[in-house]
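These are my notes from looking through one protein model. I wrote down what I looked up, entry by entry.

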Amino acid sequence: GMGTDLPADGSPLVEGEHASTRYDPFEPDTDENSSFREQYYDEYDNLPTYNAEGAYRAVYLYKGAIESAGSTGPDELVETFTGMEHSGPVGDYRFNEETNQATVPSIWGTVSYDDEWESNVLDPVDVYEATPDVVNDALGDSDLPSGV
């Protein structure tokens, strides 16, 4: 699978294929995600990709961490990020205190082309929660961390 933002020329992907992404401009169906999608589309004439949402979220995460820590020092920021909770277009999540990683749902869907948005989309979409404990159980004795 891959994000629906490829190919870069905007041509449709093969309809009916399955794809996966960390962010979908229509999931979750929240005011925050809708607002982000609409503002992004108005500015760039494209639906936001998972890279766009991740960059947007990163700016706000760093802003919040700097304000909370009162510093830009790496040690202070790491401490602030540990256990931090955040809400963004991708939904609500928290940085795990053991791994200091945040997990977001895994989004899978069937590729189709939406004429209204002039873009590839996933429809229908299935959302799977993948918390560190679920991923660790799935990894079994592989010695891989849940962030891989």
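Entry 1, terms. Helices and strands here are DSSP runs, at least four residues for a helix and at least two for a strand, numbered from the N terminus. I also note that the model is predicted.

Entry 2, overall layout. I counted the elements and found 4 helices and 5 strands. Reading along the sequence, I get the pattern β-α-α-α-β-β-β-β-α. I then looked up how much of the protein is covered: 34% of its 148 residues count as buried.

Entry 3, the strand pairs. I looked up strand 4, which spans 106-114, and strand 5, which spans 119-128. The two pair in the antiparallel sense, and I list 8 bridges for them. I picked out two of the facing pairs. D114 has S119 in strand 5 as its bridge partner, and Y113 stands opposite N120 in strand 5. Strand 4 also has strand 1 as a partner: these two run antiparallel and are joined by 4 bridges. There I noted S20, which stands opposite W108 in strand 4. For my own reference, side chains in a regular strand alternate between the two faces of the sheet.

Entry 4, the turn between strand 4 and strand 5. Where is E118 found? I placed E118 in the loop between strand 4 and strand 5. The hairpin of these strands has 4 residues between them, and E118 takes a positive phi near 50° there. I marked this down since E118 is not a glycine. Is E118 buried or exposed? E118 has a relative accessibility of 56%, and the cut-off for exposed is over 50%, so E118 counts as exposed.

Entry 5, another positive phi. I looked up D45, which is not a glycine either but has a positive phi of about 60°. D45 sits in the loop between helix 1 and helix 2, and helix 2 covers 50-69. Its relative accessible area is 52%, so D45 is exposed.

Entry 6, a charged patch. Which residues form the negative surface patch? I wrote down E15, D45, D115 and E118. Two of these names I already had: D45 from the loop between helix 1 and helix 2, and E118 from the loop between strand 4 and strand 5.

Entry 7, a nonpolar patch. I looked for nonpolar side chains on the surface and found a patch of about 290 Å² made by Y56, V59 and Y60. I checked V59 further. V59 is found in helix 2. With a relative accessible area of 53%, V59 is exposed.

Entry 8, cis peptide bonds. I looked up two of them, each leading into a proline. The bond from E27 to P28 is cis, with omega near 0°. P28 lies in the loop between strand 1, which is 18-21, and helix 1, which is 31-44. The bond from D123 to P124 is cis as well, with omega near 5°. P124 is found in strand 5.

Entry 9, a residue next to that proline. I looked up V125, which is also found in strand 5. Its relative accessible area is 23%, so V125 counts as partly exposed. How many residues apart in sequence are V125 and T110? I read off 15 residues in sequence and 6.9 Å in space, C-alpha to C-alpha.

Entry 10, a glycine in a helix. I looked up G64, which lies in helix 2. At 27% relative accessibility, G64 is partly exposed. I then compared G64 with F81: the two are 17 residues apart in sequence, and their C-alpha atoms are 9.2 Å apart in space.

Entry 11, recap. The residues I came back to were E118 and D45. Both belong to the negative surface patch. E118 has a positive phi of about 50°, and D45 has one of about 60°. For helix 2, I have V59 as exposed and G64 as partly exposed. For strand 5, I have the pairing with strand 4, and P124 with the cis bond before it.

Methods. Residues numbered from 1 in each chain as written. Predicted model: local features only at pLDDT ≥ 70, side-chain atom pairs only at ≥ 80, totals over all residues. Heavy atoms only, no water. Patch = residues over 30% accessible without salt bridge, like charges linked within 9 Å, V, L, I, M, F, W, Y side chains within 5 Å. Areas by Shrake-Rupley, 256 points an atom, 1.4 Å probe, with all protein chains shown as cover. Salt bridge = Lys/Arg side-chain N within 4 Å of Asp/Glu carboxyl O. Lys, Arg positive; Asp, Glu negative; His and termini not counted. Charge placed at Lys NZ, Arg CZ, Asp CG, Glu CD. Buried < 20%, exposed > 50% of the residue type's maximum accessible area, 1.4 Å probe, protein only. Pairing = 2+ DSSP bridges.
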